[in-house]
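I opened this model today to look up its strand pairing and a few side chains. My notes follow in the order I took them.

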Amino acid sequence: RTGARLVPMIEPDQSRAPRYMGLQFQLPDRNEILTASGETITRDGRTVGVRFTNLPPDAAWAIESYLSFV
C-alpha cells in the first residue's frame, strides 16, 4: 500500500540506485499502467525498497483493490 520492493533488471550497479524515482508499473491481471513517485529507503542484496512519495488516487485505489483480493 505504501511502497514496493524492486529487483532492478537493467541497472548493473545497485549501489548507484537513485534516491528518488518515477515509477510506472502494472499489477498482475490488470491492463492499466499505474504511476507513482518514490524514494529508495532500503537496499538489500539485489532488491531496492521504495516508499511511494506521490501516489495518485486512482493508483492507490487500484493497489488497495488488488491487495483486498490477494
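Entry 1, strands E3 and E4. I began with this pair and found that E3 and E4 run antiparallel, joined by seven bridges. The model I am reading is a predicted one. I picked out one bridge by residue: glycine 38 has phenylalanine 52 in E4 as its partner. I then went to the hairpin of E3 and E4, where two residues lie between the strands and glycine 45 has a positive phi near 65°.

Entry 2, strands E1 and E4. I looked up the other pairing of E4, whose residues are 47-54, and found four bridges to E1, again antiparallel. Alanine 4 has valine 50 in E4 as its bridge partner. I also noted leucine 6, which stands opposite valine 48 in E4.

Entry 3, the sheet as a whole. What is the order of the four strands in the sheet? I wrote down E1-E4-E3-E2, an open sheet with antiparallel pairing. Why is one side of E1 and of E2 left without a neighbour in the sheet? Strand E1 (3-6) and strand E2 (20-25) stand at the edges and each has a single partner strand, so one side of each has no neighbour there. For the twist I noted that neighbouring strands are turned by 40° against each other on average, direction ignored. Helix H1 (residues 57-69) packs on this sheet and touches E2, E3 (34-44) and E4. The direction of H1 makes about 65° with that of E3.

Entry 4, aromatic rings. How many aromatic pairs does a search of the whole structure find? I have one on my list. The pair is phenylalanine 25 with phenylalanine 52, and it is stacked, with 6.1 Å centre to centre and 5° between the planes. Phenylalanine 25 sits in strand E2 and phenylalanine 52 in strand E4, 27 residues apart, so I logged the pair as a link between distant parts of the chain.

Entry 5, accessibility. Are the two rings' residues buried or exposed? I read 22% relative accessibility for phenylalanine 25, so it counts as partly exposed. Phenylalanine 52 is at 13% and therefore counts as buried; the cut-off for buried is under 20%.

Entry 6, glycine 22. I checked another residue of strand E2, glycine 22. Glycine 22 has 65% relative accessibility, so it counts as exposed. I also took a distance from glycine 22 to tryptophan 61: 39 residues apart in sequence and 19 Å apart in space, C-alpha to C-alpha.

Key
Residues are numbered from 1 along each chain as its sequence is written. This is a predicted model: local features need pLDDT of at least 70, side-chain atom pairs count only at pLDDT 80 or more; totals for chains, interfaces and linings use all residues. Side-chain values use heavy atoms; hydrogens and water are left out. Two strands pair if DSSP finds at least two bridges between them. Axes are lines fitted to C-alpha atoms, for helices over the stretch in contact, and angles run from 0 to 180 degrees between N-to-C directions. Contact means heavy atoms within 4.5 Å. Rings of Phe, Tyr and Trp (its six-membered ring) pair if their centres lie within 6.5 Å; planes under 30 degrees apart count as stacked, over 60 as edge-to-face and the rest as tilted. Buried means under 20% relative accessible area, exposed over 50%, partly exposed in between (1.4 Å probe, protein chains only).
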